[in-house]
Every structure is written in C-alpha cells, then in structure tokens.
Amino acid sequence: MVLGWVLAIRVLLFIFGTKSYQILENKRTVGWFGWVDLWNRWDADQYLKLAKFGYANASVWKAWFYPFYPWCVRIVAFLNGNYLVSALIVSALALLIAALVLRRLVQIDFSPEVALRSVWFFLIFPTAYFLHAPYTESLFLALVIGSVFASRKERWGLAGTLGALAWMTRANGIVLIPALVVEAACQFWKTKRWNWRWLWIALLPVGFGVYLFLNWRVTGDPFAAFRMRKAMSSTSVAWPWVGMRGALGIMMDWKPDQAEMVGTQEFIFALLGLIGVVVSWIKLRPIYAVWMTGNWLLFASVTFLESMPRYTLTMFPIFILFGLLAANRFWSVVITVWSLLFLALFTSLFMRGWWAF
C-alpha cells in the first residue's frame, strides 16, 4: 500500500503540476519532456550545478548546500547522462525508502493503523512536493528516519553511519547527535547496562567534517562557508518570538500575495511546529521530542522566518502526531483536506516558478 501511495501521488503531482502550469501561465511545455523541466526551480538548479561541476571557488552556493545529495545525483547521472532526470530518480528512490521505513518505525510503538496514517499524512503534507523535486528533503529524511529506526533496533553502527550521511546532506543533521544520545540514555535506563555500540554516535560529526574539508579544499578555509553565509544572509540568530512577531507584521503591512506566503504561511507552520514540539514531549518517545525541539529551534530562532513550511516537513514526528489525532474521523478529514488543498496550491505556485518556500 505504501509503495502504491508513493507512486500514485508522484504521478498525480507530475500531471497536476504540468496542467496547472499550462492553464495558469497559458503556455505549453516544450517537447515531450518539457514537463520535467518544470521541477527545476529555485535551489534545484544549484544542486544540479554542484552535481555536474562540483564545488568551485567562484561559486557562493557552497555556503548553503551540503555535498551528499549532489554526489548521489552525479553517480546516477554517470549512468544516464541527464542530471535533472537523475536528481528526480534519487529523490524518488529516497522517498520510497523514507515512507517504508517510517511505517516500520511507527509500528514499534503504535498500531499498524497509526503507522499507515502517519505515512499518509507525510506523503500529502502541504510541502510534500519537495519530496519529489530535485531537493534534499527525501534523501535527508530517508537517512534520518533510517538512523532513528536503526537506533530503536539497537543497530548502532548503522545508526551512526546513516546519521553521518544525513549530516553530510543537510546542516540540521546535527540534531541527530542529541536525539541518538537521548535514545541511548533511554535504553540504558531500561537495561541498566552499558552498551559500547553507543559509541557509534561519535561517527556523526564525520559527515560535517567532509563538508568542512570541501570548504578547505576549495578556499583554504574550512569555515569559509559560514563567513560567506553570514555576509550574504538577510537574517541572523534571535529568539523565536522575534521571527514570529515579524511574520505577523508582514501579514499586516505587505501586499496580499507576499503577506500570505511570507507572513501568514510562515507563521502558521512555525506555530504548527511549536505545538508539535510541546505535544511530542507528552505523547512520543524522547528521541522524537528531541528531534522536533532541536529542529524547530534551529529554524525559528531567527530575525526573519524563512521556508518554515518546507523545514517543518523534516520534523517527521509531527506525522506520527497527525496519525494519532486522526484516530478521530473528524480530525482525519480535516487534516487530509487541509493538506491536499494547500499541497495543490503550493505545487501550482512552485511549477510557475513563484516563491513557494
């Protein structure tokens, strides 16, 4: 069933994206495969350039993008020669793995029905189109969920390896360190025995070390990316309420389209994440609560909220909470309709090249 959902939603999203582009833009896609090009938007183009040309001193984008996803795309492109198609293949395979492992992970603590509902809400989340696009979300989640699942099964060597690859994919892979440490502490509390395999958690910084090594190799300074990011970024570290208050101001003062996308939606998803953080400490195992909390603080502790709807997608325990809440049929319908409506809206904007997080 999970395999069918992944494939069906992918096909429907690709069809819907193409149709919405042609109707709203009043343009036809070019050639037989013009519909594929619609997915090469915003950051996707930079990932494809990194996959094709690698890191260069002339490029500022190394400050934002970690290497494992472009490397995977490059490997697949070696076989077929098309980098965009290769990126879509990597994202598709990673999404399939993420969905299957998420179901098995949830079933450790909850019923098969809750596990299925969790996967369903994961696949139809309003920003789930990033799971199909040439972005890192699907690969990152496959690695993170796999690492958490391996830790729950006490396969700590695998957990550490997948965690290192996750940190080599996105910066917030760092949150896996406290999450896995807390899981080890829970296991120690239960057994009262030391397990030397917990030391595999120390492997995680290797993924970040690879990123630093690339910066040193290209610029001679392993921390060049962070200095470049600070110089170019429009935001800085602040208390979470600063960014949320700013989003409320944007809702009031900016033009309607900008107020909605840069203000209202950013605030709604920041608030949704915060609620998820609080509830996760009550309803879920500590490893999930730590992952939720660490990621939310990383994303929300800024002067200007940016891409919160997309970042919330990586806070995967929220889908377990949705699965639990959806045991009530009323909430199941509400969450499903909300997800599908905004998934369609945001996907159509993304296809047109508009800012959609």
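This is a short tour of two pockets and two helix pairs in a predicted model.

Before you start, note that residues are numbered from 1 along each chain as its sequence is written, and that side-chain values use heavy atoms, with hydrogens and water left out. Because the model is predicted, local features need pLDDT of at least 70 and side-chain atom pairs count only at pLDDT 80 or more, while totals for chains, interfaces and linings use all residues.

**Stop 1: the largest pocket.** Select Trp 64, Arg 229, Ser 233, Glu 306 and Tyr 311, the closest to the centre of the largest pocket among its 40 lining residues. A pocket is an open set of points on a 1 Å grid over the protein atoms alone, where a 1.4 Å probe fits, with protein on both sides within 12 Å along at least five of seven lines; lining residues have an atom within 4 Å of a point. The space here is about 1500 Å³, a volume being what is filled by probe spheres set on the points.

Now colour H3 (43-53), H11 (224-232), H14 (286-300) and H15 (308-312), which each give two or more residues to this lining. Helices are DSSP runs of H or I, at least four residues, numbered from the N terminus. H11 gives the most, with four residues. By class, the lining has 25 nonpolar, nine polar and six charged residues (Ala, Val, Leu, Ile, Met, Phe, Trp, Tyr, Cys and Pro are nonpolar, Asp, Glu, Lys and Arg charged, the others, Gly among them, polar).

**Stop 2: the second largest pocket.** Next, show H13 (256-283) and H16 (317-325), each supplying at least two lining residues. The volume is about 240 Å³, and the lining includes Leu 272, Lys 283 and Phe 322. Eight of its residues are nonpolar, one is polar and one charged.

**Stop 3: H6 against H16.** Keep H16 and add H6 (residues 112-123): their axes come within 8 Å and cross at roughly 120° (axes are lines fitted to C-alpha atoms over the stretch in contact, and angles run from 0 to 180 degrees between N-to-C directions). That makes H6 oblique to H16. Among the residues in contact (heavy atoms within 4.5 Å) are Phe 121 and Phe 122 of H6 and Phe 319 and Phe 322 of H16.

**Stop 4: H9 against H14.** Finally, select H9 (residues 176-191) and H14, whose axes are 8 Å apart at an angle of about 165°. H9 and H14 are therefore roughly antiparallel (over 145 degrees; oblique is what remains outside this, under 35 as roughly parallel and 65 to 115 as roughly perpendicular). Their contact includes Cys 186 of H9 and Trp 291 of H14, and by class has ten nonpolar, no polar and one charged residues.
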